[in-house]
Amino acid sequence: MATGQEPVTPPEQEQRTEGPASPAAPAAPGPEDRAAEVEELRDNWRRALADLDNLRKRHAKELERVRAEERARTAAAWLPVLDNLERALAHADADPSAVLKGIETVRDQAVEVLRGLGYPRHEETGVPFDPTRHEVVGVVDDPGAEPNTVAQVVSPGYGADGNQLRPAFVMVSKRQE
């Protein structure tokens, strides 16, 4: 039926039941029972929506907390590098070779910090050009190098496969004609 109600048994069919007394059939739910069931389902639906909203809020707070912790951890890893740069600047009027050695040590420390954060340095020459790890900034004619290989690294790259912070900027040997 299109009305959405249970079909009603005509009275003449109710009288034709066979046997002495048939056991009582379960009563069909009435409109009051259905309304209560619908209200219970709506209540459960509202509670589920509220739980989902609370979960989203909790997740957003947790995500912000984790981001803040990671920012602090990364900044703390750079503090020794900054301290050593300041020490190098304080000795700028000293022996130039000592200052140079100090700056090289600070650079090595910075490279180590990046490696510890998951971004190792790569600056290999003589390796085949790989567009996922290298960015060409120029082409050179080097008869001693294989064609399409890295002849010179202008700026080193940082990161590993799939986790690249920056590609290496390289000069590539061109194909000999």
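**Notebook: core, sheet and helices**

I started with Thr 149, which is buried at a relative accessible area of 8%; for me buried means under 20%, exposed over 50% and partly exposed in between, with a 1.4 Å probe and protein chains only. This is a predicted model, where local features need pLDDT of at least 70 and side-chain atom pairs count only at pLDDT 80 or more, while totals for chains, interfaces and linings use all residues. I number residues from 1 along each chain as its sequence is written, and side-chain values use heavy atoms, with hydrogens and water left out.

**Entry: the chain overall**

I counted three helices and six strands, taken as DSSP runs numbered from the N terminus (helices: H or I, at least four residues; strands: E, at least two). From the N terminus on, I read the order as α-α-α-β-β-β-β-β-β. Of the 177 residues, 14% count as buried. The accessible surface comes to about 13900 Å², and carbon and sulfur atoms hold 56% of that; the areas are Shrake-Rupley values with a 1.4 Å probe, and for residues only the protein chains shown count as cover. I also checked contacts, meaning heavy atoms within 4.5 Å. Among those with a separation of 6 or more, 62% link residues 24 or more positions apart.

**Entry: the core and its surroundings**

Which residues make up the largest nonpolar core? I found five: Val 150, Val 153, Ala 168, Val 170 and Val 172. Strand 3 (150-155) and strand 6 (168-173) each supply at least two of them, and strand 6 gives the most, with three. Such a core is a set of buried Ala, Val, Leu, Ile, Met, Phe, Trp, Tyr and Cys residues joined through side-chain atoms within 4.5 Å.

I then went back to Thr 149, which sits in the loop between strand 2 (134-140) and strand 3. Leaving out residues up to four places away in sequence, Thr 149 touches Gly 126, Val 127, Pro 128, Phe 129, Met 171, Val 172 and Ser 173. With the same kind of exclusion, the contacts of Val 172 include Phe 129, Val 136, Val 140 and Thr 149.

Next up was His 134 in strand 2. Is His 134 buried or exposed? I have His 134 as buried, because its relative accessible area is 5%. Neighbours within four places aside, His 134 is in contact with Val 127, Pro 128, Phe 129, Val 150, Pro 167, Ala 168 and Val 170.

**Entry: the open sheet**

I traced an open sheet of three strands in the order 1-4-5, paired antiparallel. Its edges are strand 1 (121-122) and strand 5 (163-166), each pairing on one side only. Pairing here takes at least two DSSP bridges between two strands. Strand 4 (residues 157-160) and strand 5 run antiparallel and are joined by three bridges. One entry I noted by residue: Ala 160 has Asn 163 in strand 5 as its bridge partner.

**Entry: helices and surface**

Leu 52 lies in helix 2 (residues 31-90) and counts as partly exposed because its relative accessibility is 36%. I found Leu 52 in a nonpolar surface patch with Trp 45, Leu 49 and Leu 55, and together they have about 400 Å² of accessible area.

Last, I looked at Arg 107 in helix 3 (residues 96-116), also partly exposed, at 43% relative accessibility. The C-alpha atoms of Arg 107 and Leu 85 are 9.2 Å apart, with their positions 22 residues apart along the chain.

Note on methods
Patches are made of residues with over 30% relative accessible area and no salt bridge: like charges are joined within 9 Å, nonpolar side chains (Val, Leu, Ile, Met, Phe, Trp, Tyr) within 5 Å. A salt bridge is a side-chain nitrogen of Lys or Arg within 4 Å of a carboxyl oxygen of Asp or Glu.
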